[in-house]
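Here is a set of short questions and answers on the contacts, cores and strands of one chain. Work through them with the model open.

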Amino acid sequence: LRGLPHEDAVQLYLSTMSEKRSRDLLANLKRLHSNTSMNGEALRKLVKKYDKQATDRGDDILTTSLLPELYSAPVMNAPAIERYIEILRDKLVVSDEEEEESLDEYMTSIKEKTQLTSSSKDALDVQRRASEMFWLHDLIENKIPRADIPMLVAHRGFHCVMDHSGRRPLENSLSSYESAWSAGVHLCECDVALTKDEKLVLAHDSDFTRLALDPSKNKKVSDLTIKEIIGLTFKSGTRPPLLLDVLRSAQTIGGSARLVVEIKAGNDEAGAALVRLFRRHPELIERCAVVMSFDAYLMHRLRTELNELVEQGLALAQVKLPELLLLTVAEPPTTTYELFASVTDFNQVDSWLQHEGKPSLDGVYLQFQPQMLQPNGLAALRALSAQYKVGVWMMLGDPDDNVTASCLIEGGGVSYVNTDLPRSFSG
(Lines give C-alpha, C1' and ligand atoms only; values in the text may rest on other atoms or scores of the structure.)
Protein backbone atom coordinates (compact mmCIF):
# COMPACT_ATOMS: atom_id res chain seq x y z
CA LEU A 1 0.00 0.00 0.00
CA ARG A 2 3.04 2.26 -0.07
CA GLY A 3 2.38 5.25 -2.31
CA LEU A 4 -1.41 5.01 -1.98
CA PRO A 5 -3.01 8.48 -2.32
CA HIS A 6 -3.90 9.91 1.08
CA GLU A 7 -7.62 10.19 0.37
CA ASP A 8 -7.74 6.55 -0.70
CA ALA A 9 -5.82 5.60 2.44
CA VAL A 10 -8.45 7.31 4.61
CA GLN A 11 -11.23 5.47 2.76
CA LEU A 12 -9.43 2.16 3.26
CA TYR A 13 -8.90 2.88 6.94
CA LEU A 14 -12.61 3.53 7.40
CA SER A 15 -13.54 0.28 5.73
CA THR A 16 -11.40 -1.81 8.08
CA MET A 17 -11.55 0.01 11.43
CA SER A 18 -14.26 0.32 14.07
CA GLU A 19 -16.42 3.42 14.35
CA LYS A 20 -14.68 4.34 17.61
CA ARG A 21 -11.22 4.29 16.04
CA SER A 22 -12.51 6.23 13.05
CA ARG A 23 -13.95 8.87 15.36
CA ASP A 24 -10.64 9.03 17.21
CA LEU A 25 -8.95 9.68 13.87
CA LEU A 26 -11.43 12.47 13.15
CA ALA A 27 -10.69 14.07 16.53
CA ASN A 28 -6.93 13.87 15.90
CA LEU A 29 -7.27 15.36 12.41
CA LYS A 30 -9.36 18.22 13.78
CA ARG A 31 -6.68 19.00 16.37
CA LEU A 32 -4.01 18.83 13.68
CA HIS A 33 -6.02 21.14 11.42
CA SER A 34 -6.56 23.66 14.23
CA ASN A 35 -2.85 23.69 15.10
CA THR A 36 -1.88 23.94 11.44
CA SER A 37 -4.20 26.90 10.87
CA MET A 38 -2.97 28.76 13.94
CA ASN A 39 0.69 28.06 13.23
CA GLY A 40 0.32 29.04 9.59
CA GLU A 41 -1.35 32.33 10.48
CA ALA A 42 1.26 33.11 13.15
CA LEU A 43 4.09 32.29 10.74
CA ARG A 44 2.61 34.44 7.98
CA LYS A 45 2.39 37.41 10.34
CA LEU A 46 5.97 36.90 11.55
CA VAL A 47 7.26 36.74 7.98
CA LYS A 48 5.39 39.90 7.03
CA LYS A 49 6.82 41.66 10.07
CA TYR A 50 10.32 40.46 9.19
CA ASP A 51 9.94 41.50 5.54
CA LYS A 52 8.92 45.01 6.57
CA GLN A 53 12.06 45.37 8.66
CA ALA A 54 14.20 43.68 6.00
CA THR A 55 12.98 46.12 3.36
CA ASP A 56 13.95 49.03 5.58
CA ARG A 57 17.43 47.50 6.01
CA GLY A 58 17.80 46.59 2.35
CA ASP A 59 17.93 42.83 3.09
CA ASP A 60 16.24 40.02 1.15
CA ILE A 61 12.63 39.29 2.05
CA LEU A 62 11.25 35.84 2.94
CA THR A 63 7.70 35.97 1.56
CA THR A 64 8.58 34.71 -1.93
CA SER A 65 11.00 32.00 -0.81
CA LEU A 66 10.19 30.67 2.66
CA LEU A 67 6.38 30.67 2.70
CA PRO A 68 5.87 28.59 -0.49
CA GLU A 69 8.24 25.93 0.86
CA LEU A 70 6.50 25.78 4.23
CA TYR A 71 2.95 25.80 2.85
CA SER A 72 3.80 22.95 0.50
CA ALA A 73 5.03 20.77 3.38
CA PRO A 74 2.52 18.02 4.31
CA VAL A 75 2.33 19.11 7.96
CA MET A 76 1.24 22.62 6.87
CA ASN A 77 -1.22 21.50 4.21
CA ALA A 78 -4.49 22.62 5.84
CA PRO A 79 -6.67 22.15 2.70
CA ALA A 80 -5.62 18.50 2.44
CA ILE A 81 -6.41 17.91 6.10
CA GLU A 82 -9.81 19.54 5.53
CA ARG A 83 -10.51 17.04 2.72
CA TYR A 84 -9.69 14.11 5.00
CA ILE A 85 -11.95 15.52 7.70
CA GLU A 86 -14.84 15.87 5.22
CA ILE A 87 -14.35 12.25 4.07
CA LEU A 88 -14.58 11.10 7.68
CA ARG A 89 -17.63 13.25 8.34
CA ASP A 90 -19.41 11.87 5.29
CA LYS A 91 -18.87 8.36 6.60
CA LEU A 92 -19.53 8.94 10.30
CA VAL A 93 -22.20 11.62 10.58
CA VAL A 94 -25.75 10.51 9.82
CA SER A 95 -28.12 12.86 8.04
CA ASP A 96 -30.11 15.41 10.02
CA GLU A 97 -33.35 13.56 9.28
CA GLU A 98 -32.02 10.22 10.52
CA GLU A 99 -30.58 11.83 13.63
CA GLU A 100 -33.82 13.62 14.47
CA GLU A 101 -35.80 10.37 14.17
CA SER A 102 -33.27 8.62 16.40
CA LEU A 103 -33.40 11.40 19.01
CA ASP A 104 -37.20 11.43 19.02
CA GLU A 105 -37.30 7.68 19.68
CA TYR A 106 -34.68 7.99 22.39
CA MET A 107 -36.50 10.85 24.16
CA THR A 108 -39.80 8.93 24.05
CA SER A 109 -38.17 5.96 25.79
CA ILE A 110 -36.72 8.22 28.49
CA LYS A 111 -40.08 9.91 29.15
CA GLU A 112 -41.82 6.54 29.44
CA LYS A 113 -39.29 5.39 32.04
CA THR A 114 -39.32 8.58 34.13
CA GLN A 115 -42.96 9.67 33.97
CA LEU A 116 -44.25 10.83 37.39
CA THR A 117 -47.78 11.11 38.72
CA SER A 118 -49.35 14.50 39.45
CA SER A 119 -49.16 15.86 42.99
CA SER A 120 -49.88 18.95 45.00
CA LYS A 121 -46.30 20.05 44.34
CA ASP A 122 -46.96 19.84 40.61
CA ALA A 123 -50.00 22.08 41.01
CA LEU A 124 -47.96 24.60 43.02
CA ASP A 125 -45.20 24.59 40.38
CA VAL A 126 -47.80 25.22 37.67
CA GLN A 127 -49.14 28.22 39.60
CA ARG A 128 -45.63 29.61 40.07
CA ARG A 129 -44.74 29.20 36.40
CA ALA A 130 -48.03 30.76 35.33
CA SER A 131 -47.32 33.73 37.61
CA GLU A 132 -43.88 34.21 36.04
CA MET A 133 -45.29 34.05 32.52
CA PHE A 134 -48.08 36.54 33.31
CA TRP A 135 -45.46 38.86 34.78
CA LEU A 136 -43.24 38.57 31.68
CA HIS A 137 -46.10 39.27 29.28
CA ASP A 138 -47.16 42.29 31.33
CA LEU A 139 -43.55 43.55 31.47
CA ILE A 140 -43.11 43.42 27.70
CA GLU A 141 -46.56 44.72 26.84
CA ASN A 142 -46.92 47.49 29.43
CA LYS A 143 -43.74 48.32 31.37
CA ILE A 144 -40.88 48.62 28.85
CA PRO A 145 -40.69 51.43 26.26
CA ARG A 146 -41.54 49.93 22.88
CA ALA A 147 -38.40 51.40 21.32
CA ASP A 148 -36.17 49.60 23.86
CA ILE A 149 -37.53 46.07 23.35
CA PRO A 150 -35.51 45.28 20.16
CA MET A 151 -32.27 46.06 22.06
CA LEU A 152 -32.96 43.93 25.15
CA VAL A 153 -31.30 40.50 25.12
CA ALA A 154 -32.71 37.81 27.42
CA HIS A 155 -29.53 36.29 28.87
CA ARG A 156 -29.72 32.48 28.39
CA GLY A 157 -33.42 32.90 27.72
CA PHE A 158 -36.15 33.51 30.32
CA HIS A 159 -34.59 31.47 33.13
CA CYS A 160 -33.95 31.27 36.86
CA VAL A 161 -30.45 32.51 37.74
CA MET A 162 -30.43 30.21 40.79
CA ASP A 163 -30.98 27.12 38.60
CA HIS A 164 -34.39 26.35 40.12
CA SER A 165 -36.91 25.00 37.65
CA GLY A 166 -40.02 25.46 39.84
CA ARG A 167 -40.74 29.00 38.61
CA ARG A 168 -38.87 29.51 35.36
CA PRO A 169 -37.24 27.19 32.81
CA LEU A 170 -33.59 26.27 33.24
CA GLU A 171 -31.02 28.34 31.36
CA ASN A 172 -30.22 27.49 27.74
CA SER A 173 -33.25 25.19 27.54
CA LEU A 174 -35.64 25.23 24.60
CA SER A 175 -38.52 26.36 26.84
CA SER A 176 -36.47 29.30 28.18
CA TYR A 177 -36.22 30.69 24.64
CA GLU A 178 -39.72 29.84 23.48
CA SER A 179 -41.18 31.45 26.62
CA ALA A 180 -39.25 34.68 26.00
CA TRP A 181 -40.02 34.90 22.28
CA SER A 182 -43.70 34.05 22.73
CA ALA A 183 -43.99 36.86 25.29
CA GLY A 184 -42.62 39.41 22.83
CA VAL A 185 -38.89 39.42 23.61
CA HIS A 186 -36.97 39.86 20.36
CA LEU A 187 -33.47 38.66 21.25
CA CYS A 188 -32.18 35.83 23.43
CA GLU A 189 -28.55 34.99 24.21
CA CYS A 190 -27.16 31.48 24.31
CA ASP A 191 -23.84 29.67 24.74
CA VAL A 192 -22.86 26.79 22.45
CA ALA A 193 -20.47 23.88 22.75
CA LEU A 194 -19.46 21.13 20.33
CA THR A 195 -20.23 17.51 21.17
CA LYS A 196 -17.96 14.59 20.38
CA ASP A 197 -20.04 13.86 17.27
CA GLU A 198 -19.80 17.51 16.13
CA LYS A 199 -23.26 18.74 17.10
CA LEU A 200 -23.69 22.27 18.41
CA VAL A 201 -25.51 22.02 21.71
CA LEU A 202 -26.49 24.80 24.10
CA ALA A 203 -24.23 24.77 27.18
CA HIS A 204 -22.61 27.49 29.26
CA ASP A 205 -20.26 25.35 31.36
CA SER A 206 -17.75 22.77 30.16
CA ASP A 207 -20.02 20.08 31.64
CA PHE A 208 -23.63 19.77 32.86
CA THR A 209 -22.88 19.13 36.53
CA ARG A 210 -24.68 22.28 37.70
CA LEU A 211 -27.91 21.52 35.82
CA ALA A 212 -28.01 17.72 35.69
CA LEU A 213 -30.41 15.57 37.68
CA ASP A 214 -27.42 13.38 38.58
CA PRO A 215 -24.43 15.72 39.14
CA SER A 216 -22.03 12.78 39.44
CA LYS A 217 -22.17 12.42 35.65
CA ASN A 218 -19.73 15.23 34.98
CA LYS A 219 -17.93 14.37 31.77
CA LYS A 220 -17.09 17.31 29.52
CA VAL A 221 -19.58 18.20 26.80
CA SER A 222 -16.84 17.70 24.21
CA ASP A 223 -16.39 14.09 25.36
CA LEU A 224 -20.07 13.20 24.98
CA THR A 225 -22.22 12.35 21.98
CA ILE A 226 -25.61 14.03 21.70
CA LYS A 227 -27.36 10.81 22.76
CA GLU A 228 -25.19 10.61 25.88
CA ILE A 229 -26.01 14.24 26.69
CA ILE A 230 -29.74 13.54 26.36
CA GLY A 231 -29.26 10.74 28.88
CA LEU A 232 -27.99 13.33 31.41
CA THR A 233 -31.51 14.51 32.22
CA PHE A 234 -31.77 18.04 33.62
CA LYS A 235 -33.37 18.89 36.97
CA SER A 236 -36.43 20.03 35.03
CA GLY A 237 -36.74 16.72 33.18
CA THR A 238 -35.77 18.32 29.87
CA ARG A 239 -32.65 17.92 27.77
CA PRO A 240 -30.11 20.42 26.43
CA PRO A 241 -31.25 21.38 22.93
CA LEU A 242 -29.23 21.48 19.78
CA LEU A 243 -28.63 24.95 18.36
CA LEU A 244 -30.54 23.71 15.32
CA ASP A 245 -33.58 23.02 17.56
CA VAL A 246 -33.57 26.57 18.93
CA LEU A 247 -33.10 28.24 15.56
CA ARG A 248 -36.00 26.22 14.17
CA SER A 249 -38.18 27.32 17.09
CA ALA A 250 -37.29 30.94 16.36
CA GLN A 251 -38.20 30.36 12.72
CA THR A 252 -41.54 28.81 13.69
CA ILE A 253 -42.42 31.57 16.16
CA GLY A 254 -41.38 34.09 13.51
CA GLY A 255 -41.52 37.84 13.86
CA SER A 256 -38.41 39.26 15.50
CA ALA A 257 -37.39 36.08 17.35
CA ARG A 258 -33.61 35.78 16.99
CA LEU A 259 -30.53 34.50 18.81
CA VAL A 260 -27.32 36.07 20.06
CA VAL A 261 -24.80 33.20 20.08
CA GLU A 262 -21.64 33.11 22.19
CA ILE A 263 -18.79 30.78 21.24
CA LYS A 264 -16.32 30.07 24.03
CA ALA A 265 -12.72 31.18 23.54
CA GLY A 266 -10.49 28.54 21.95
CA ASN A 267 -13.42 26.60 20.48
CA ASP A 268 -12.52 27.17 16.81
CA GLU A 269 -14.28 23.97 15.79
CA ALA A 270 -17.59 25.34 17.08
CA GLY A 271 -17.21 28.30 14.74
CA ALA A 272 -16.57 25.97 11.81
CA ALA A 273 -19.58 23.85 12.83
CA LEU A 274 -21.76 26.98 12.86
CA VAL A 275 -20.72 27.77 9.29
CA ARG A 276 -21.57 24.19 8.27
CA LEU A 277 -24.99 24.56 9.90
CA PHE A 278 -25.59 27.77 7.92
CA ARG A 279 -24.50 26.03 4.72
CA ARG A 280 -27.00 23.20 5.28
CA HIS A 281 -29.81 25.44 6.55
CA PRO A 282 -29.53 28.87 4.90
CA GLU A 283 -33.17 29.56 5.79
CA LEU A 284 -32.12 29.79 9.47
CA ILE A 285 -29.26 32.27 9.06
CA GLU A 286 -31.42 35.33 9.67
CA ARG A 287 -32.57 33.84 12.98
CA CYS A 288 -29.03 34.40 14.26
CA ALA A 289 -28.64 38.12 14.93
CA VAL A 290 -25.17 38.10 16.50
CA VAL A 291 -22.23 35.76 17.02
CA MET A 292 -19.74 36.84 19.68
CA SER A 293 -16.69 35.58 21.54
CA PHE A 294 -13.84 36.77 23.74
CA ASP A 295 -11.48 35.12 21.24
CA ALA A 296 -10.36 37.63 18.58
CA TYR A 297 -8.59 34.97 16.49
CA LEU A 298 -11.74 32.82 16.44
CA MET A 299 -13.92 35.76 15.41
CA HIS A 300 -11.67 36.92 12.57
CA ARG A 301 -11.45 33.34 11.33
CA LEU A 302 -15.24 33.09 11.49
CA ARG A 303 -15.50 36.24 9.37
CA THR A 304 -13.23 34.64 6.75
CA GLU A 305 -15.31 31.43 6.72
CA LEU A 306 -18.60 33.35 6.39
CA ASN A 307 -17.15 35.35 3.50
CA GLU A 308 -16.09 32.09 1.85
CA LEU A 309 -19.61 30.76 2.37
CA VAL A 310 -20.97 33.66 0.32
CA GLU A 311 -18.25 33.37 -2.32
CA GLN A 312 -19.01 29.66 -2.80
CA GLY A 313 -22.30 30.61 -4.41
CA LEU A 314 -24.77 30.03 -1.63
CA ALA A 315 -27.92 32.02 -2.38
CA LEU A 316 -27.37 34.69 0.26
CA ALA A 317 -28.02 37.81 -1.78
CA GLN A 318 -31.11 38.65 0.27
CA VAL A 319 -29.94 37.08 3.54
CA LYS A 320 -28.55 39.19 6.37
CA LEU A 321 -25.54 37.48 7.93
CA PRO A 322 -25.14 37.71 11.72
CA GLU A 323 -23.14 40.58 13.13
CA LEU A 324 -19.78 39.51 14.58
CA LEU A 325 -18.95 41.18 17.90
CA LEU A 326 -15.89 40.90 20.14
CA LEU A 327 -16.53 40.47 23.87
CA THR A 328 -14.42 42.55 26.27
CA VAL A 329 -13.87 42.72 30.04
CA ALA A 330 -13.93 45.69 32.41
CA GLU A 331 -11.29 44.38 34.83
CA PRO A 332 -7.60 43.56 34.20
CA PRO A 333 -7.56 40.37 32.07
CA THR A 334 -7.06 37.05 33.85
CA THR A 335 -6.43 35.04 30.67
CA THR A 336 -4.42 35.64 27.51
CA TYR A 337 -7.45 35.96 25.25
CA GLU A 338 -9.38 38.57 27.27
CA LEU A 339 -9.37 42.16 26.02
CA PHE A 340 -9.73 45.00 28.51
CA ALA A 341 -11.87 47.94 27.41
CA SER A 342 -12.43 50.91 29.72
CA VAL A 343 -15.24 53.37 29.03
CA THR A 344 -12.63 56.11 29.48
CA ASP A 345 -10.50 54.83 26.59
CA PHE A 346 -11.81 52.99 23.51
CA ASN A 347 -8.73 53.76 21.36
CA GLN A 348 -7.73 50.10 20.94
CA VAL A 349 -11.12 48.99 19.63
CA ASP A 350 -10.28 49.95 16.03
CA SER A 351 -7.25 47.63 15.93
CA TRP A 352 -9.13 44.75 17.55
CA LEU A 353 -11.86 44.84 14.92
CA GLN A 354 -9.51 44.97 11.93
CA HIS A 355 -7.71 42.13 10.19
CA GLU A 356 -4.68 42.92 8.04
CA GLY A 357 -5.60 46.58 8.17
CA LYS A 358 -9.12 46.06 6.84
CA PRO A 359 -12.49 46.12 8.67
CA SER A 360 -13.45 42.63 9.75
CA LEU A 361 -15.73 42.58 12.80
CA ASP A 362 -18.88 44.63 13.34
CA GLY A 363 -18.36 45.83 16.89
CA VAL A 364 -17.82 45.04 20.56
CA TYR A 365 -19.86 43.62 23.43
CA LEU A 366 -18.60 45.51 26.48
CA GLN A 367 -18.77 44.45 30.12
CA PHE A 368 -20.87 46.89 32.13
CA GLN A 369 -19.07 49.60 34.09
CA PRO A 370 -20.81 52.05 36.47
CA GLN A 371 -19.06 54.94 34.67
CA MET A 372 -21.17 54.10 31.60
CA LEU A 373 -24.15 55.76 33.30
CA GLN A 374 -22.29 59.02 33.92
CA PRO A 375 -22.42 61.87 31.36
CA ASN A 376 -18.83 61.27 30.16
CA GLY A 377 -19.43 57.53 29.92
CA LEU A 378 -22.64 57.95 27.94
CA ALA A 379 -20.85 60.36 25.59
CA ALA A 380 -18.07 57.81 25.03
CA LEU A 381 -20.64 55.08 24.32
CA ARG A 382 -22.46 57.32 21.84
CA ALA A 383 -19.22 58.07 20.00
CA LEU A 384 -18.33 54.36 19.82
CA SER A 385 -21.88 53.41 18.79
CA ALA A 386 -21.67 55.89 15.92
CA GLN A 387 -18.81 53.79 14.47
CA TYR A 388 -19.67 50.22 15.46
CA LYS A 389 -22.38 48.00 16.85
CA VAL A 390 -22.08 48.03 20.65
CA GLY A 391 -23.56 45.66 23.23
CA VAL A 392 -23.32 45.64 27.03
CA TRP A 393 -23.25 42.49 29.17
CA MET A 394 -23.76 42.31 32.93
CA MET A 395 -22.47 40.26 35.83
CA LEU A 396 -24.95 38.98 38.43
CA GLY A 397 -25.19 41.88 40.88
CA ASP A 398 -24.85 44.66 38.31
CA PRO A 399 -27.88 46.97 37.96
CA ASP A 400 -30.37 44.95 35.92
CA ASP A 401 -33.42 47.14 35.53
CA ASN A 402 -35.43 49.13 33.04
CA VAL A 403 -33.87 52.47 34.02
CA THR A 404 -30.31 51.21 33.44
CA ALA A 405 -31.22 49.56 30.16
CA SER A 406 -33.01 52.66 28.86
CA CYS A 407 -30.07 54.85 29.87
CA LEU A 408 -27.62 52.67 27.92
CA ILE A 409 -29.94 52.36 24.90
CA GLU A 410 -31.29 55.89 24.65
CA GLY A 411 -28.40 57.78 26.24
CA GLY A 412 -25.49 55.65 25.04
CA GLY A 413 -26.89 54.51 21.69
CA VAL A 414 -25.97 50.86 22.28
CA SER A 415 -27.64 48.15 20.17
CA TYR A 416 -27.76 45.33 22.74
CA VAL A 417 -28.19 45.15 26.53
CA ASN A 418 -28.16 41.78 28.29
CA THR A 419 -30.67 41.17 31.07
CA ASP A 420 -31.73 38.26 33.29
CA LEU A 421 -35.23 39.85 33.50
CA PRO A 422 -35.43 39.84 37.32
CA ARG A 423 -38.76 40.62 38.97
CA SER A 424 -37.29 43.98 39.98
CA PHE A 425 -36.64 44.91 36.34
CA SER A 426 -39.57 47.33 36.09
CA GLY A 427 -39.05 48.82 39.55
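Q: In this predicted model, which residue forms a salt bridge with Lys 389?
A: Lys 389 lies in strand E10, and its partner sits in strand E6 (residues 323-327), 66 residues apart. The closest N and O atoms are 3.8 Å apart, which is within the 4 Å cut-off. The partner is Glu 323.

Q: Is Glu 323 buried or exposed?
A: Its partner Lys 389 is partly exposed, with a relative accessible area of 34%. Buried means under 20%. At 10% relative accessibility, Glu 323 counts as buried.

Q: Which residue of helix H6 (residues 120-143) pairs with Arg 168?
A: Arg 168 lies in the loop between E1 and H7, so the pair ties together parts that are 36 residues apart in sequence. The closest N and O atoms are 2.7 Å apart. The H6 residue is Glu 132.

Q: Which residue in the segment after E11 also meets Glu 132?
A: This salt bridge spans 3.1 Å, N to O. Glu 132 counts as buried at 5% relative accessibility, while its partner counts as partly exposed at 40%. The two are 291 residues apart in sequence. The partner is Arg 423.

Q: How many salt bridges does the structure hold?
A: Some share partners: Arg 156, Asp 163, Glu 171, Asp 191, Asp 205, Arg 210, Glu 262 and Lys 264 are joined into one network. For the whole structure, the count is 16.

Q: What is the relative accessible area of Glu 198?
A: Glu 198 sits in the loop between E2 and strand E3 (200-202). Among its contacts are Lys 30, Arg 89 and Arg 276. Glu 198 is buried, so the value falls under 20%. It is 10%.

Q: Which residue forms an aromatic pair with Phe 294?
A: Phe 294 is in the loop between strand E5 (288-293) and helix H11 (296-311), and its partner is in strand E10 (residues 389-393), 99 residues apart. The centres are 6.0 Å apart and the planes meet at 85°, hence edge-to-face. Phe 294 is buried at 16%, and the partner is buried at 14%. That partner is Trp 393.

Q: Why is the pair of Tyr 365 and Tyr 416 classed as it is?
A: The ring centres lie 6.1 Å apart, within the 6.5 Å limit. The planes are at 15°, and under 30 degrees is the cut-off for this class. The pair is therefore stacked.

Q: How many residues are in the second, separate core?
A: Tyr 365 and Tyr 416 are both buried. This core includes them, along with Leu 327 and Val 329. Its count is 13 residues.

Q: Which helix gives the largest share of the largest nonpolar core?
A: That core has 86 residues, and Leu 366 is one of those with the most contacts inside it. The leading helix supplies six residues. It is H10 (residues 268-280).

Q: In E2, which residue is the bridge partner of Val 153?
A: Three bridges join E1 to strand E2 (residues 187-194), and the two run parallel. Val 153 is buried on one side of E1, along with His 155. The partner is Leu 187.

Q: Through which helix does the chain cross from E1 to E2?
A: The β-α-β crossover is right-handed. Buried residues in this helix include Tyr 177 and Trp 181. Gly 184, with a positive phi near 110°, follows the helix. The helix is H7 (residues 174-183).

Technical notes. Residues are numbered from 1 along each chain as its sequence is written. This is a predicted model: local features need pLDDT of at least 70, side-chain atom pairs count only at pLDDT 80 or more; totals for chains, interfaces and linings use all residues. Side-chain values use heavy atoms; hydrogens and water are left out. Rings of Phe, Tyr and Trp (its six-membered ring) pair if their centres lie within 6.5 Å; planes under 30 degrees apart count as stacked, over 60 as edge-to-face and the rest as tilted. Helices (H or I, at least four residues) and strands (E, at least two) are DSSP runs, numbered from the N terminus. Buried means under 20% relative accessible area, exposed over 50%, partly exposed in between (1.4 Å probe, protein chains only). Two strands pair if DSSP finds at least two bridges between them. A crossover is right-handed if, with the strands pointing away from the viewer, the path from the first strand over the helix to the second runs clockwise. A nonpolar core is a set of buried Ala, Val, Leu, Ile, Met, Phe, Trp, Tyr and Cys residues joined through side-chain atoms within 4.5 Å. Contact means heavy atoms within 4.5 Å. A salt bridge is a side-chain nitrogen of Lys or Arg within 4 Å of a carboxyl oxygen of Asp or Glu. Lists of a residue's contacts leave out its neighbours within four places in sequence.
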